[in-house]
Amino acid sequence: MEYHDLDATELSQFTDYDGHHIVRFFIDKDTGLKACIAVHNINLGPALGGCRFYNYAAEEDAIRDVLRLSRGMTYKNALAGLPLGGGKSVIIGDPSTMKTTALMEMMGSAVDTLNGDYITAEDSGTNVSDMETIRHKTPYVMGLTPEEGCLGGDPSPVTAYGVFCGIKAALLRKYGSQDMNGLKVAVQGLGAVGYELCRLLDEQGAELFVTDVRGAVLQKAREQFGTVHILELDEIFSADAQIFAPCALGAQLNVNTIPQMTFDIIAGAANNQLATPEDDNRLQEKGILYTPDYVINAGGVIAVGYEYFQQLGKNPFCHDLTHKNMISHVEKIRQTIGDIFTITEKCGIASGRAADEMAEALFNSGKNIQKSCGTA
Ligand code: NAD
């Protein structure tokens, strides 16, 4: 395998380049691996972020994506109260035809060249089994099948619980109460996270408005939960609900959808919900309380972070690395979102920007979250 580090001159053509710590490009002719690992910032600790396997049209698109995603992980990990930096990796190609054990093992060797500055995990196009293959070549991989009594496994239910906690923070700010009985919530996408979120909301007596491209999952929700209204895909944006929880795709908050919305709150799991930074302002101008995506959906990364520290045998917190303490850490998402709303009100800025500024203050100062016991 051959690899080289891209220098600042090569990277300056990309708008998402932000003085990244390291951007390394790998090529292996034997296995067909073509991949890029970007570590954005390690002020708070080693960079943790998933490995995406995607059929990019061009190498430049892959580099653009890995720069953007790795930067996003720095912000996410900082506000999640994890002593971890931000990184991401991309494998270029169609996973359905290119993925082999040899290629994933070579990706493991690629991750290993960073000597622990980058820790990988699953992302779109990769799964638990791929992480186990990567593990043949490097210890710097998480999201593996947990051994008896250890942390790990599918982070989606933890993500859903974090979103549920974030919704409570938004309810408190908007209505002065966290009561969900009779609350109308529109959920877009009933996948691993969205379906579990519906279950948690249903338990509290919420009324659900749901949509998905998969009809079967909608029928299942109707059978399993109390009050469920099934909507067409496009109807979800104008649903007569107080909360919109995007749990499917990115860029669903945009110049076309926002004018249709009469929601009080937007709080969902999807990544990159705002199509552009202007959409952050559009929501604020409309008086819709937006809970920044990377803050509310951090439950999964908190779960993976705890798994990492447990595997490493190095506990940065003042509490034991138990499932119970991990869940308490996820519940701090509520406090973080409350703090973001306070900044929004005090400074008159949109909530997405307020979150970014809070995260930047943390990772630029390299403030050691370990000493504050994982305050999220
Ligand atoms: P998933 O693939 O399990 O579920 C996505 C669901 O959305 C599927 O049911 C799919 O059929 C549906 N869908 C696709 N296109 C749609 C459309 N146009 N309209 C309505 N529904 C549509 O994914 P997931 O793991 O549940 O993640 C959901 C979102 O949350 C993704 O954006 C993901 O990046 C983000 N996220 C997930 C986690 C996690 O732990 N799984 C963590 C952080 C962020």
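**Exercise 1. The second largest pocket**

Which residues lie nearest the centre of the second largest pocket, and how many residues line it? Characterise the lining in this predicted model.

*Solution.*
Step 1. The lining of the second largest pocket comprises 13 residues, and those nearest its centre are Gln284, Gly287, Ile288, Leu289 and Thr344.
Step 2. Helices α6, α9 (277-285) and α13 (333-347), together with strand β13 (289-290), each contribute at least two lining residues.
Step 3. Sorted by class, the lining holds five nonpolar, four polar and four charged residues.
Step 4. The volume of this pocket is about 200 Å³.

**Exercise 2. Helix α7**

Test the end-to-end distance of helix α7 (residues 192-203) against the span expected for its 12 residues, and describe the surroundings of the helix.

*Solution.*
Step 1. The expected span is 1.5 Å times one less than the number of residues, so the 12 residues of α7 should cover 16 Å.
Step 2. The C-alpha atoms at the two ends of α7 are 17 Å apart, which agrees with that expectation.
Step 3. Nine of the 12 residues are buried, and α7 is thus mostly covered. The buried residues are Val193, Gly194, Tyr195, Glu196, Leu197, Cys198, Leu200, Leu201 and Asp202.
Step 4. The packing partners of these buried residues are the helices α6 (156-175) and α8 (215-224) and the strands β8 (184-188), β9 (207-211), β10 (227-230) and β11 (243-246).
Step 5. After α7 comes Gly205, with a positive phi near 90°.

**Exercise 3. His40**

Is His40 buried or exposed, and which side chain does His40 join through a polar contact of 2.6 Å?

*Solution.*
Step 1. His40 belongs to strand β3 (residues 33-41).
Step 2. Its relative accessible area is 4%; the cut-off for burial is under 20%, so His40 is buried.
Step 3. Beyond its neighbours within four places in sequence, His40 has contacts that include Gly19, His20, Ser70, Arg71 and Phe363.
Step 4. The side chain of His40 makes the 2.6 Å polar contact with that of Asp18.
Step 5. Thr15 lies 25 residues from His40 along the chain, and their C-alpha atoms are separated by 14 Å.

**Exercise 4. Arg24**

Identify the side-chain partners of Arg24 in polar contacts of 2.6 Å and 3.2 Å.

*Solution.*
Step 1. Arg24 sits in strand β2 (residues 22-28).
Step 2. A relative accessible area of 10% classes Arg24 as buried.
Step 3. The partner at 2.6 Å is the side chain of Asp5, and the partner at 3.2 Å is that of Thr113.
Step 4. Not counting residues up to four places away in sequence, Arg24 also touches others, among them Tyr3, His4, Ala35, Cys36, Ile37 and Leu114.

Conventions
Residues are numbered from 1 along each chain as its sequence is written. This is a predicted model: local features need pLDDT of at least 70, side-chain atom pairs count only at pLDDT 80 or more; totals for chains, interfaces and linings use all residues. Side-chain values use heavy atoms; hydrogens and water are left out. Helices (H or I, at least four residues) and strands (E, at least two) are DSSP runs, numbered from the N terminus. Buried means under 20% relative accessible area, exposed over 50%, partly exposed in between (1.4 Å probe, protein chains only). Contact means heavy atoms within 4.5 Å. A polar contact is a pair of N or O atoms within 3.5 Å; within protein, one must be able to donate a hydrogen and the other to accept it, and residues adjacent in sequence count only if both atoms are side-chain atoms. On a 1 Å grid over the protein atoms alone, a cavity is a set of points where a 1.4 Å probe fits but cannot get out, and a pocket is an open set with protein on both sides within 12 Å along at least five of seven lines; lining residues have an atom within 4 Å of a point. Grid points are joined across faces, edges and corners, and a volume is the space filled by probe spheres set on the points. Ala, Val, Leu, Ile, Met, Phe, Trp, Tyr, Cys and Pro count as nonpolar, Asp, Glu, Lys and Arg as charged, and the others, Gly among them, as polar.
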